[in-house]
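Work through these exercises with the sequence and the model side by side. Try each task before reading its solution.

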Amino acid sequence: EEEETFACLGELGWIARPSGEGPLYASLCAAVARCVDDAVEGRLDVRPADRGDESDGESDGESASVSDGAALDDLRAWEARVLRPLLSSVLPRARAGPLSSAIGRAITSRFVRRRTADLFDLIREHPESAPAVSELRRALLLNNGGGDGEEEEDGTRPPSAAGISPPDHHALVGCLRHQLQSRLLHAGASTSQIIDVYISAVRVLRALDPTDALTDGVRGAVGDYLRGRPDT
C-alpha cells in the first residue's frame, strides 16, 4: 500500500520532476533515513538464536554483540531487495541511482556508529564476539572507501590502502575510553579483572586495526589508572 502511494506521488511529480526535486523529495529522503536507522537497530538487536541459528542452548542473557557476523550482509541485502525497488518505482533513474548509493553508505555509517557504541561489550565477550568484530572491521573499511576485507581464495586478506578513516578512529578511541572509565576503571573492579579486559581489548583493537593505532589510543587511560591504584 505504501509503495503504491509513493508510486502515485511519483507520477504526479511531487517527489521528483524532470526539472529537479519535487516538493516531497526531502520528505522521502527523511523517511528512508528513518527506515535505515530502524533496520540497523533492529538487526543488531537480533541474537543468533533469534534467527534460528544453532546454539548451545545457553542464550539467556546473551548480548546482541555475540553475532553471527551476518548483520551487515543482511542489511545490504535488505537495501537491495526493498529500498532500491521502491526508489526505482518513484524516482527517475538519474535520481534513483545516486540516492541508492547514498543509502548504501548511510547503512554502513550507521552500522559503524552503532557497533562503536557496543565496543566495550565486543571486548568483554571476546572471543565469542569475534564474528561481530570481523564484521565491524569490514564496515570500517567500507566506510572509508576501502575493500570489504573478505578473504581471497588462498585464505589471505587483501591489503587495504584505506584503513580506518580519521573520524572513525577518533570515534572508536573516544567511545572506548569513555566506556572503560565508566564501566571498568573504578574501585568496584579488581586489578585482575581490569587486566583481563585490557588484554581482550588489545586483541579486539588489533583485529580492527593491525597498526596498533587504536590500541595506543586507550593504553594510556588503563595504565594511568592502574598506576594510581593502591593494590598495584
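**Exercise 1.** In this predicted model, find the residue on which the kink in helix 9 is centred. Then list the buried residues of helix 9 and say what covers them.

*Solution.*
1. Follow helix 9, residues 213-228. The kink is centred on arginine 219 and is about 30 degrees.
2. Pick out the buried positions: Leu214, Thr215, Gly217, Val218, Ala221, Val222, Gly223 and Leu226.
3. Look at what lies over these buried residues of helix 9: the cover includes helix 7 and helix 8.

**Exercise 2.** Which residues have the most contacts inside the largest nonpolar core, and which helices each supply at least two residues?

*Solution.*
1. The largest nonpolar core has 48 residues. Leu91, Ile103, Leu119, Leu180, Leu184 and Leu208 have the most contacts inside it.
2. Helices 2, 3, 4, 5, 6, 7, 8 and 9 each supply at least two residues of this core.
3. Now take leucine 184. Set aside neighbours within four places in sequence; leucine 184 then contacts Phe120, Gln179, Ala189, Gln193, Ile194 and Val197.
4. The general background: nonpolar side chains tend to be buried together in soluble globular proteins.

**Exercise 3.** Locate the cis peptide bond. Then decide whether aspartate 212 is buried or exposed.

*Solution.*
1. Histidine 126 and proline 127 are joined by the cis bond, with omega about 15 degrees. Proline 127 sits in the loop between helix 5 and helix 6.
2. Aspartate 212 lies in the loop between helix 8 and helix 9. Its phi is positive, about 70 degrees, although aspartate 212 is not a glycine.
3. Most residues other than glycine have a negative phi, and most peptide bonds are trans.
4. Buried means under 20% relative accessible area. Aspartate 212 has 19% relative accessibility, so aspartate 212 counts as buried.

Terms used:
Residues numbered from 1 in each chain as written. Predicted model: local features only at pLDDT ≥ 70, side-chain atom pairs only at ≥ 80, totals over all residues. Heavy atoms only, no water. Core = buried A, V, L, I, M, F, W, Y, C linked by side-chain atoms within 4.5 Å. Buried < 20%, exposed > 50% of the residue type's maximum accessible area, 1.4 Å probe, protein only. Helix = DSSP H or I, 4+ residues; strand = E, 2+ residues; numbered from the N terminus. Contact = heavy atoms within 4.5 Å. Bend = angle between axes of the 7 residues up to and from the residue.
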